[in-house]
Amino acid sequence: MILEVENLKKHYPITKSFKESALVKALDGVSFKVTKQKTLGIVGESGCGKSTLAKALMALETRTEGSIKIENKEVTALSKSDFKSAIQMIFQDPYSSLNPRKKAWQLISEPLLINSKLSKKACFEKACQLMEKVGLRPEMAQRYPHMFSGGQRQRLGIARALALHPKILICDEPVSALDVSIQAQVLNLLMELQDEMGLTYLFISHDLHVVKHISDDILVMYLGKIVEYGPREKVFDKPLHPYTKALIASSPSVSIDKNEHEPISGELPSPLNPPTGCAFHKRCPMATDRCAVDTPVLETKDGRSVACFEV
Amino acid sequence: MLLDVKNLNLKFQTSKGVIHAIRDLSFNIKQGETLGIVGESGCGKSITNLALMGLLPDTADLTADKLEFEGSDLLSLKEKQWQKIRGADIAMIFQDPMTALNPCFTVGYQIEETLELHRKDLSKEERKEFVFELLDQVGIPAPRERAKSYAHELSGGMSQRVMIAQAIACNPKLLIADEPTTALDVTIQDQILKLLKDIQAKNNMAMILVTHDLGVVSENADRIQVMYAGEVIESGTSEEVIHSPKHPYTRGLLDSLPGNGDTSFRAPLSSISGMVPDLRFRPSGCQFNPRCFKSKEECSSSRPMLNQEDHQVSCFFPLSEG
Ligand SMILES: Nc1ncnc2c1ncn2[C@@H]1O[C@H](COP(=O)(O)OP(=O)(O)OP(=O)(O)O)[C@@H](O)[C@H]1O
Ligand SMILES: Nc1ncnc2c1ncn2[C@@H]1O[C@H](COP(=O)(O)OP(=O)(O)OP(=O)(O)O)[C@@H](O)[C@H]1O
Ligand SMILES: [Mg+2]
Ligand SMILES: [Mg+2]
């Protein structure tokens, strides 16, 4: 098991004026495991805690509770450089996540300059190799980010993340800012790199077609908690949780058989003021009285875990 | 014909030269119809809409053989006259509700303002009542309380609905929705699109739906217009464009969608090689020819025009059925 996460929590304190402080439970007890060279797809509504999960794993945010183990070692026990070479991240927006004043090769080799003792020349050479790996011509090494297209910039981001040879790569919406044809190029690249370098991915996206295409396992989140988690065939082909079902039903597609379905009603709950019981019960077509009172926990059903009283 | 556009051209004067952003664009919309506009980033979707709303920046140079709304010319309108049409006959929903709504006023007040401008027949009391009615219509619970909220106190889906309420306040004949749901997740997107459809059916309103999501237009538009480098390269019913595309570019877009084409696990996705042209240095001939797998000599020497069939395409070697 390359990555094991147990009961991970991240609560943000919020100070409301004249009131005592409240907590936003952005992540509330998330557990999962990922095998080497596999992809875990993470989906869920906006604000359900996907990016918070990524940041907690990257130690960009201190976690409130829980354990994160990489290759059976608690990450807090790893040295800084071991940690950096264990896990890296690529960001959603290829436009704002790259420093516009740095040249391509500098951007890519920055993590190397900071975390290794390589000379500047060696860094440059390494950057060129990485550029070739992600399908950018090394002649472009001297260019600034604005001289690259969106897809090329996302490649730069990938090359940079790969500089320290990470084992795990977290991709937080890596293709949502891109056009479909460029999206396809970047996804192909990620799949090739995975085979070639034995990478493990955590892939966050709101596009279910994309997630389904590349993920071995799927984790569905709702308001900081996992509601369904299991192998892709199970979760996509026979979803059990009513929220997973709603996600799949509302996912727009170009297929001929137009899905005639009623959209589920109701607003996303506010994490500041979460509903009692199951967080989804106010929007759920299957909700009973019990759902408003008790909180369902994850249980194994038909080859996956699901948190719902009614399945 | 509600809206009739013939040979619209739009140029920007910039310090780095002239950008010919829209070239010979022609299209029309009938009452009650939904036209989907798709195309890669920068192909001119948003500026086409701004032209229809009279909201182009001063640096823009707009010409057209015809730009008519309900038979009257839009090109010659002065700002004063635009103000009468904008928000009343032609309304727009912007991509990002957070920046489009004014943070300093309650959402109720902002809708009321629109009514004050265009519905002089209503008294102050009636306007207030109508605001609640509109908020209720777009599915906002407890509209009387919600009208007092500020934009930042609402969720993304709710603010988007407030924008819709404001846009439909004066029963527009044409609603322009520029990426109305990109900021939302699929379950809320679904609700909003259903809502727009209901309003449309009730008021016989026409709609321009701009999005990069081919699934969304396929499920919601009657006709689809595909744009490339500021030109329409294909146009037809949703059925035709999505299921038997004629232009290699449209085909390329569809093929690169995960979940279309080869849907088996981790199958390589097909993609269109190359990049969209820099509009200051347009290629000669067909704008897509440097990236096209069917390109022949003719394609780079002369420029194809949109044919006049129902399912229009501008290509010398259009794809055949199937
Ligand atoms: N620094 C912070 N302080 C307080 N609350 C925060 C902070 N960062 C995130 N949150 C809250 O935590 C919740 C989860 O946010 P997160 O960014 O993880 O969502 P997400 O699933 O990535 O959403 P999206 O799909 O929109 O990117 C949200 O309600 C957010 O408002
Ligand atoms: N004010 C301006 N000055 C100069 N060029 C402009 C201006 N506004 C837009 N353009 C150019 O016109 C072209 C079309 O822009 P537009 O915003 O319509 O694209 P779009 O199709 O809406 O793209 P997206 O999908 O990214 O929203 C682009 O190449 C853009 O750079
Ligand atoms: Mg996020
Ligand atoms: Mg746009």
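These are my notebook entries on a predicted model.

**Entry: aromatic pairs**

I searched the whole structure for aromatic pairs and found eight over all chains. I followed one of them. A:Tyr222 and A:Phe280 pair edge-to-face. Their ring centres are 5.1 Å apart, and the planes make an angle of 80°. Where do the two residues lie? A:Tyr222 is in strand E9 of chain A, residues 217-222. A:Phe280 is in the loop between helix H9 (242-250) and strand E11 (299-301) of chain A. The two parts are 58 residues apart in sequence, so the pair ties together distant stretches of numbering.

Next I checked burial. A:Tyr222 has 4% relative accessibility and counts as buried. A:Phe280 has 1% and counts as buried too.

Then I looked for another partner of A:Phe280. A:Tyr243 also pairs with A:Phe280, again edge-to-face. Here I noted 5.4 Å centre to centre and 65° between the planes. A:Tyr243 lies in helix H9 of chain A, while A:Phe280 is in the loop between H9 and E11, so this pair ties together parts 37 residues apart in sequence. A:Tyr243 is buried, as is A:Phe280. I drew the three together: ring pairs link A:Tyr222, A:Tyr243 and A:Phe280 into a cluster.

**Entry: charges over rings**

I looked for charged ends over rings. In chain A, the charged end of A:Arg290 sits over the ring of A:Phe309, 3.7 Å from the ring centre. In chain B, the charged end of B:Lys296 sits over the ring of B:Phe317. That distance to the ring centre is 4.2 Å.

**Entry: a sheet in chain A**

I traced an open sheet of four strands in chain A. The order is E2-E1-E4-E5, and the pairing is antiparallel. Which strands stand at the edges? They are E2 (22-34) and E5 (73-74). Each has a single partner strand, so one side of each has no neighbour in the sheet. I reminded myself that strands of a sheet pair through backbone hydrogen bonds.

I then looked at one pairing in detail. Strand E4 (residues 65-70) of chain A is joined to E5(A) by two bridges, and they run antiparallel. A:Ile70 has A:Lys73 in E5(A) as its bridge partner.

**Entry: chain B as a whole**

I counted the elements of chain B: twelve helices and twelve strands. How compact is chain B? Its radius of gyration is 21 Å, close to the 20 Å that the globule rule gives for 322 residues, so chain B is as compact as a globular protein of that length. Its C-alpha atoms fill a box of roughly 70 × 50 × 40 Å along the principal axes.

I also looked up burial and contacts. Buried residues make up 55% of the 322 residues in chain B. I took the contacts between residues at least 6 apart in sequence, and 65% of these join residues at least 24 apart. The accessible surface of chain B is about 14100 Å². Carbon and sulfur atoms account for 50% of that surface.

**Entry: positive phi in chain B**

Most residues other than glycine have a negative phi. I noted two residues that break this pattern.

B:Glu179 is not a glycine, yet it has a positive phi of about 50°. B:Glu179 sits in the loop between strand E8 (174-178) and helix H8 (186-203) of chain B. Is B:Glu179 buried or exposed? At 11% relative accessibility, B:Glu179 counts as buried.

B:Arg266 is not a glycine either, and its positive phi is about 60°. B:Arg266 lies in the loop between helix H11 (248-255) and helix H12 (297-301) of chain B. At 23% relative accessibility, B:Arg266 counts as partly exposed.

Conventions: Residues numbered from 1 in each chain as written. Chains lettered and ligands numbered in written order. Predicted model: local features only at pLDDT ≥ 70, side-chain atom pairs only at ≥ 80, totals over all residues. Heavy atoms only, no water. Phe/Tyr/Trp six-rings, centres within 6.5 Å; stacked < 30°, edge-to-face > 60°. Buried < 20%, exposed > 50% of the residue type's maximum accessible area, 1.4 Å probe, protein only. Lys NZ or Arg CZ within 6 Å of the ring centre and 35° of its normal. Rg over C-alpha atoms; globule rule 2.2 N^0.38 Å. Contact = heavy atoms within 4.5 Å. Areas by Shrake-Rupley, 256 points an atom, 1.4 Å probe, with all protein chains shown as cover. Pairing = 2+ DSSP bridges.
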